[in-house]
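Please open the model in a viewer and keep the sequence panel beside it. The tour below proceeds by selection, and each stop states what is to be found there.

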Amino acid sequence: AVRAVAPPSSRRGGVRRVCLETKHNYASNTRLALRVTIPCAASLSVTFDPRNSTKGGSDVLTLFSDSHMKELVGVPYHGPPGAQNWPAVPVVRGGALTIYFESDDGPPDWGYRIFIQPLGGDGKAISSAGMWFESVPGVLHPTRGKHDISLLTDSPRSSGAGLMLTFDRAACAAVSGSARQGGG
């Protein structure tokens, strides 16, 4: 399994939210599987970017609470933007979430961007001093495509600063948030 560990936070604060997204537009024949673990979280709040859009029925984002991809969270998400295709995700109990996305060989769409917020035992948002991202060994077929992950801090002085990790078959890179332009 490929694992990338987010470093412990500095004295400025921890990571308050993780942004995980496909390339916009994602490539045809994409298959992505990634497990996000935030050990200090009692649960996770997951929200979608309103622009999320995939080819309905064939290009699907699925969320699981377990690493074996058997415990579905919400529904399979796909189709054009809107609450009918991208309804609210129920709160995920525990500090881990598996994200699986697969597209066919047809023309792609914008893709997805999801935000993962760690929650404490009281259900309120917390910052995390560390987390990790790892490949999912239960995926039968090799993964193809690219995930971008942004780690956003809770420091009021950071104003957009953070760390963006890019995962693909060719490389793994980290770019400071202030150096990242646009956002897709």
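**Charged pairs**

Begin by selecting D104 and K55, whose side chains meet in a salt bridge (2.5 Å, N to O); a salt bridge here is a side-chain nitrogen of Lys or Arg within 4 Å of a carboxyl oxygen of Asp or Glu. The pair links distant parts of the chain, with D104 in the loop between strand 8 and strand 9, K55 in the loop between strand 4 and strand 5, and their positions 49 residues apart. Strands are DSSP runs (E, at least two residues), numbered from the N terminus. D104 is partly exposed, with a relative accessible area of 26%, and K55 is likewise partly exposed, at 23%. In these terms, buried means under 20% relative accessible area, exposed over 50%, and partly exposed in between (1.4 Å probe, protein chains only).

Before moving on, note that this is a predicted model, in which local features need pLDDT of at least 70 and side-chain atom pairs count only at pLDDT 80 or more, while totals for chains, interfaces and linings use all residues. Residues are numbered from 1 along each chain as its sequence is written, and side-chain values use heavy atoms, with hydrogens and water left out.

Side chains of opposite charge can pair when their charged atoms come close. The whole structure holds 5 salt bridges. Next, select E21 and R113, which form a salt bridge at 2.3 Å, N to O. E21 belongs to strand 2 and R113 to strand 9, so this pair ties together parts that are 92 residues apart in sequence. E21 is buried, with a relative accessible area of 2%, and R113 is buried at 8%.

Keep R113 selected and add D49: their side chains also meet in a salt bridge (3.1 Å, N to O). D49 sits in the loop between strand 4 and strand 5, 64 residues from R113 in sequence. D49 counts as buried, at 7% relative accessibility. Add R51 to complete the picture: salt bridges that share partners join E21, D49, R51 and R113 into one network.

**A buried loop residue**

Is N52 buried or exposed? N52 is buried, with a relative accessible area of 1%, and it lies in the loop between strand 4 and strand 5. Display its contacts (heavy atoms within 4.5 Å): leaving aside residues up to four places away in sequence, N52 touches partners including W86, W110, Y112 and R113.

**Aromatic pairs**

Ring centres of Phe, Tyr and Trp (its six-membered ring) within 6.5 Å make a pair, and planes under 30 degrees apart count as stacked, over 60 as edge-to-face and the rest as tilted. By this rule the count comes to 5 aromatic pairs. Select Y77 and W86: their ring centres are 6.1 Å apart and their planes lie at 15°, so the pair is stacked. Both Y77 and W86 are buried.

Then select F101 and Y112, where the centres are 5.3 Å apart and the planes stand at 65°, so the pair is edge-to-face. F101 is in strand 8 and Y112 in the loop between strand 8 and strand 9, 11 residues apart. F101 and Y112 are both buried. Adding Y26 shows one aromatic cluster of Y26, F101 and Y112.

**The nonpolar core**

Which residues have the most contacts inside the largest nonpolar core? Select L61, L63, L97, I99, I114 and I116, the residues with the most contacts in this core of 27 residues. A nonpolar core is a set of buried Ala, Val, Leu, Ile, Met, Phe, Trp, Tyr and Cys residues joined through side-chain atoms within 4.5 Å. Among the strands that each supply at least two residues of this core are strand 5 (60–64), strand 8 (96–102) and strand 9 (113–119). A second, separate core of 5 residues includes A33, F64, Y100 and V136.

**Strand pairing**

Select strand 4, which pairs with strand 9 in the antiparallel sense over 6 bridges; two strands pair if DSSP finds at least two bridges between them. Within this pairing, V46 stands opposite I116. Strand 4 also pairs with strand 7 (residues 92–93), antiparallel over 2 bridges, and there S43 has R93 as its bridge partner.

**Backbone stops**

Finally, show the backbone from H24 to N25, where the peptide bond is cis, with omega near -10°. N25 is in the loop between strand 2 and strand 3. N29 lies in the loop between strand 2 and strand 3 and has a positive phi of about 60° although it is not a glycine.

Key
Helix = DSSP H or I, 4+ residues; strand = E, 2+ residues; numbered from the N terminus.
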